[in-house]
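Student: Please put the model up, and then I will ask about the ligand, the fold and the empty space inside.

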Amino acid sequence: MTRVLVLNGPNLGRLGSREPEVYGHTSYDDLVGRCTTEGAALGLAVEVRQTDDEAELVRWIHEAADTATPVVLNPAAFTHYSYALRDACAQRTAPLVEVHLSNPAAREEFRHTSVVSGVASGTIAGFGVESYVLALRAVAGLVAS
Ligand code: DQA
């Protein structure tokens, strides 16, 4: 079974209570369950993690690069300014799909820039928790090809 890391950046642990009008009512625990279940159906062993700490997220990306592990990454606010995260993602040795619950392109101007997109395999945004499901399907296709 291919292992996949689903990595979430700052504030995503508060999913469900955080600005539900923007991010929906699904809790973080429900997101974990959805990813794990969908992953199993696709033949992927999914491990979901969340951190508010940029250094920890960078370390997890290094771990994925060192073990050729595919990644689904929601960098949250780091998307828009973390060159450290971008440089870590540039070292990827397996597919890395950027995901967002909301559609940053349809929101405030500062969200229109992603410093991660240019080094990702692709980006899926705007479909709520379904963005993660679509990303896992993309990863399954990429590792099979
Ligand atoms: C987000 C979008 C980002 O702009 C924001 O900072 C987040 C969540 C999303 O999933 O829609 O924290 O990545």
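Student: Which residue has a polar backbone atom 2.7 Å from an oxygen atom of the ligand?

Tutor: This is a predicted model, in which local features need pLDDT of at least 70, side-chain atom pairs count only at pLDDT 80 or more, and totals for chains, interfaces and linings use all residues. Residues are numbered from 1 along each chain as its sequence is written, and side-chain values use heavy atoms, with hydrogens and water left out. A polar contact is a pair of N or O atoms within 3.5 Å. The backbone atom at 2.7 Å from the ligand oxygen belongs to Leu101.

Student: How far is a polar side-chain atom of Ser102 from an oxygen atom of the ligand?

Tutor: Side chains also make polar contacts here: His80 has a polar side-chain atom 2.7 Å from a ligand oxygen. For Ser102, the distance from a polar side-chain atom to an oxygen of the ligand is 2.6 Å.

Student: How much of the accessible area of the ligand does the protein cover?

Tutor: Accessible areas come from the Shrake-Rupley method with a 1.4 Å probe. On its own the ligand has 320 Å² of accessible area, and the share covered by the protein is 99%.

Student: How many residues of the shell around the ligand are charged?

Tutor: A residue belongs to the shell if one of its heavy atoms lies within 4 Å of the ligand. Among the surrounding residues are Arg18, Tyr23, Asn74, His100 and Arg111. Ala, Val, Leu, Ile, Met, Phe, Trp, Tyr, Cys and Pro count as nonpolar, Asp, Glu, Lys and Arg as charged, and the others, Gly among them, as polar. The shell divides into 4 nonpolar, 4 polar and, as charged residues, 2.

Student: In what order do the elements of the chain run from the N terminus?

Tutor: Helices (H or I, at least four residues) and strands (E, at least two) are DSSP runs, numbered from the N terminus. The chain has 5 helices and 5 strands. Their order is β-α-α-β-α-β-α-β-β-α.

Student: Which helix gives the most to the lining of the largest cavity?

Tutor: A cavity is a set of points on a 1 Å grid over the protein atoms alone where a 1.4 Å probe fits but cannot get out, and lining residues have an atom within 4 Å of a point. The lining includes Ile61, Ala64, Thr69 and Arg92. With 3 residues, the helix that gives the most is H3 (residues 54–66).

Notes. On a 1 Å grid over the protein atoms alone, a cavity is a set of points where a 1.4 Å probe fits but cannot get out, and a pocket is an open set with protein on both sides within 12 Å along at least five of seven lines; lining residues have an atom within 4 Å of a point. A polar contact is a pair of N or O atoms within 3.5 Å; within protein, one must be able to donate a hydrogen and the other to accept it, and residues adjacent in sequence count only if both atoms are side-chain atoms.
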